[in-house]
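Please open the structure in your viewer and keep the sequence beside it, so that each selection can be followed in both. The tour below moves from one stop to the next, saying what to select and what is there.

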Amino acid sequence: MAALGSPTSQMDAIPVDGPPDPRASKEAGMNKYTLLCALLASTNSILLGYGESFSSVFYRCLLFQMFDLFLHNHIHQVSFLGFHTNWPINMFADIGVMSGAVLYIKENMKISSTQVEILVGSLNVMSLIGSLASGKTSDYIGRRYTIVLAASTFLIGALLMGLAPSYPFLLTGRIIAGIGVGYALMIAPLYSAELSPAMKRGLLTSLPEFFITFGILLGYIFNYALSGLPPNINWRLMVGLAALPAIGIGLGVVVMPESPRWLVMNGKLNEAKRVLRKISSTEAEAELRYEEINKAADLVTNAEKSDWHGQGVWKELLIRPARPIRRMLLAAVGINFFMQASGNDAVIYYCPEVFRAAGIHNKKELFGVNVIMGLAKTSFVLLSACYLDRFGRRPLLLLGSVGMVVALGCLGLGSTFLEHSSSKPTWAIVLCIVAVCADVSFFSIGLGPITWVYSSEVFPMRMRAQGTALAISVNRLRQKA
């Protein structure tokens, strides 16, 4: 990527698959301070995971309510993936949903299904707006203060939702939280990528996917644990607890440095040197990284650096992009689009019914299965993160994508056979269960973590923040669709 012909493209487009500088290979190591900063920045992604677990509860409840109405008016049996059931469809909502916030909010606030739909959709819509605005914001105020902005915005939203006396306050809190989620999605991998040494960049930049998964898991666990409290208290705690990681991030920023790349782009060279000494394992590594960053920023004149806030980047990306920039933009936007288009969310969403068909009917057992699935997903994300820097991005992305194709093909085969069979052969049920688990696992190896890594690496330094923001906004747009 660094060898691209366009002058603009030579401005530090971090190599995605190529080996890092040999001198860096010898000197670079896992600096504990860098790891701590990447962990703190990536903790922002818990906000998305926790918020999405809350959203999935809403969506599932609404979906099953519509199905239930359809069943009462038309039929008495429904089939999904070939699994037939005579139970009322709203029993499906008991699978991790009865312990969720939506039922209690509807009951406690006496709101309609339309109001619930608006409440649910507002987070994704506003996260799209937040992610679009985050690039320009981080170029203007810096990466560190953008992290503060993301955390504080979500904190305000969570507190408004938890303390909401009425539906308008609840909706306002959800809207504000959605903006914070959009900012967090962009800034976490970007900050980690700009802080990390080349040899560890894949590991540290994939941490946001781990925290998204961990946040979803936390959301389900808290929903389940708090469901026994009175209806006017439990849902407030469910949504209000999201303020805790936001507070932790806000406190953690005290020890986090500004991105050295942003400092160099703004002409703050001495401060950039100080930061690089803190986040590098040796003085030699710090000097090497400073030389590389300064060389990448050479096309920006000293006069521009003193007043540089990311101006003109949108024009270069969208209106008059050079051919290499078009390729970068297509790659980043494409991987974000296909991350959501892969259908992984739908597979996870309906996997309880697959396990129900396997004979697991108890609600607590089904919840336990969901937790195990979440733990497996988290484990495979960590496995991928550990090998990203050894094998490169493309091999793991190809492995994950091919694995998902095979898994979804097996799921389609097994479910089609069950749908057209009067009995439920054990082999078909086992095939569907294995396929669901395999699809989730391969997603966590490939598209899940690598999307964030690739998006934050592929653009040249001057347009990295706004290019990443544009790519991630496509992710949110496709997720909403």
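## First stop: Leu39

Select Leu39, which is partly exposed with a relative accessible area of 31%, and bear in mind from the start that the model on your screen is a predicted one. Leu39 has its place in helix α2. Now add Leu204 to the selection: the two residues are 165 residues apart in sequence, and their C-alpha atoms are 7.8 Å apart in space.

## The loop before helix α2

From Leu39, go to Asn31, which lies in the loop between α1 (22-27) and α2 (32-42). Is Asn31 buried or exposed? Its relative accessibility is 12%, and because buried means under 20%, Asn31 counts as buried.

Show the side chain of Asn31 and look for two partners. One is Thr34, whose backbone nitrogen is reached by the side chain of Asn31 at 3.0 Å. The other is Lys278, whose backbone oxygen lies 3.4 Å from a polar atom of the side chain of Asn31.

## Along helix α23

Next, select residues 464-480, which form helix α23, and pick out Gln466 within that helix. Gln466 is buried, with a relative accessible area of 1%. Which residue does the side chain of Gln466 contact? Display the side chain of Asp139 as well, and you will find a polar contact between the two side chains at 2.7 Å.

Staying in helix α23, move to Ala469, which counts as buried at 0% relative accessibility. If you then select Gly135, you have a pair of residues 334 residues apart along the chain, with their C-alpha atoms separated by 5.1 Å.

Continue to Leu477, which is also found in helix α23. Leu477 counts as partly exposed, at 49% relative accessibility. Its partner for this stop is Asn336, which is 141 residues away along the chain, while the C-alpha atoms of the two residues are separated by 9.9 Å.

## Across to helix α17

Now select residues 323-341, which make up helix α17, and find Gly334 there. Gly334 is buried, with a relative accessible area of 18%. Add Val474 to the view: Gly334 and Val474 are 140 residues apart in sequence and 8.7 Å apart in space, taken from C-alpha to C-alpha.

## Helices α20 and α21

For the next stop, show helix α20 (residues 393-419) together with helix α21 (residues 426-445). Two packed helices are described by the angle between their axes and by the distance between those axes. Here the helices pack at an angle of about 160°, and their axes are 8 Å apart. Because an angle over 145 degrees counts as roughly antiparallel, α20 and α21 are roughly antiparallel to each other. If you turn the view to look through one helix at the other, the crossing of α20 past α21 is a left-handed one. Colouring the residues of this contact by type would show 21 nonpolar, four polar and one charged.

## Last stop: two cysteines

Finally, select Cys410 and Cys432 and show their sulfur atoms. How far is the sulfur of Cys410 from the closest cysteine sulfur? That closest sulfur belongs to Cys432 and is 9.3 Å away, which is too far for a bond, because a disulfide requires a pair of cysteine sulfur atoms within 2.5 Å. Starting from Cys432 leads back to Cys410, whose sulfur is the closest cysteine sulfur to that of Cys432. As for their surroundings, Cys410 counts as partly exposed at 27% relative accessibility, whereas Cys432 counts as buried at 0%. A search of the whole structure likewise finds zero disulfides.

Notes
Residues are numbered from 1 along each chain as its sequence is written. This is a predicted model: local features need pLDDT of at least 70, side-chain atom pairs count only at pLDDT 80 or more; totals for chains, interfaces and linings use all residues. Side-chain values use heavy atoms; hydrogens and water are left out. Helices (H or I, at least four residues) and strands (E, at least two) are DSSP runs, numbered from the N terminus. Buried means under 20% relative accessible area, exposed over 50%, partly exposed in between (1.4 Å probe, protein chains only). A polar contact is a pair of N or O atoms within 3.5 Å; within protein, one must be able to donate a hydrogen and the other to accept it, and residues adjacent in sequence count only if both atoms are side-chain atoms. Axes are lines fitted to C-alpha atoms, for helices over the stretch in contact, and angles run from 0 to 180 degrees between N-to-C directions. Angles under 35 degrees count as roughly parallel, over 145 as roughly antiparallel, 65 to 115 as roughly perpendicular and the rest as oblique. A crossing is left-handed if the near helix is turned anticlockwise from the far one by less than a right angle, and right-handed if clockwise. Ala, Val, Leu, Ile, Met, Phe, Trp, Tyr, Cys and Pro count as nonpolar, Asp, Glu, Lys and Arg as charged, and the others, Gly among them, as polar.
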